[in-house]
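User: I would like a close look at the nonpolar core of this model, followed by the helix that closes the list of its contributors.

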Amino acid sequence: MPTREWPLRIQDIIAAIARIQRLTEQKTFEEFEADEAISGAVLYSFIIIGEAAVNVPLALQNRYPHIPWRLMGDMINVMAHEYFQVNMVRVWNTIQNHLPALVPPLQDLLRSEGIK
């Protein structure tokens, strides 16, 4: 049994995305890559996103197939277990082009499931 209920996991994903956005706003890719504290914190936040995503019940994931659960879950494998293969350009691209679009469907999921 998970130690954290799924609504909290969804909220963890939303909070991690917000943290990544706060840490990277006003930064260029070069500044992001050169700042080990910021890039390390961002990578850790991606691990949180991945861990939270894999712990959302499969039945719930199946009800919301438009949310990229598998992609989010795969992040933890690369960030934590294959850290030597982390491509910072790809991380930056994800931050800039994919993370913002995740928030509204996650918020909609919480509302649809009666979570405030």
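Which residues of the largest nonpolar core touch the most other members?

Analyst: This is a predicted model, in which local features need pLDDT of at least 70 and side-chain atom pairs count only at pLDDT 80 or more, while totals for chains, interfaces and linings use all residues. Residues are numbered from 1 along each chain as its sequence is written, and side-chain values use heavy atoms, with hydrogens and water left out.

F46, I49 and W69 touch the most other members of the largest nonpolar core, which has 34 residues; such a core is a set of buried Ala, Val, Leu, Ile, Met, Phe, Trp, Tyr and Cys residues joined through side-chain atoms within 4.5 Å, buried being under 20% relative accessible area with a 1.4 Å probe, protein chains only. At least two residues of this core come from each of α1, α2 (29-34), α3, α5, α6 and α7, the helices being DSSP runs of H or I with at least four residues, numbered from the N terminus. The most, 7 residues, is given by α1. Leaving aside neighbours within four places in sequence, I49 is in contact (heavy atoms within 4.5 Å) with I13, A16, I17, I20, M72, M75 and L99.

L99 is also one of the buried residues of α7, alongside L102, V103, P105, L106, L109 and L110, and the cover over these buried residues includes α1 (6-24), α3 (36-54), α4 (58-63), α5 (69-81) and α6 (88-97). The end C-alpha atoms of α7 (residues 99-112) are 21 Å apart, which agrees with the 20 Å that its 14 residues should span at 1.5 Å a residue, the expected span being 1.5 Å times one less than the number of residues. After α7 comes G114, whose phi is positive, near 80°.

Notes. Buried means under 20% relative accessible area, exposed over 50%, partly exposed in between (1.4 Å probe, protein chains only).
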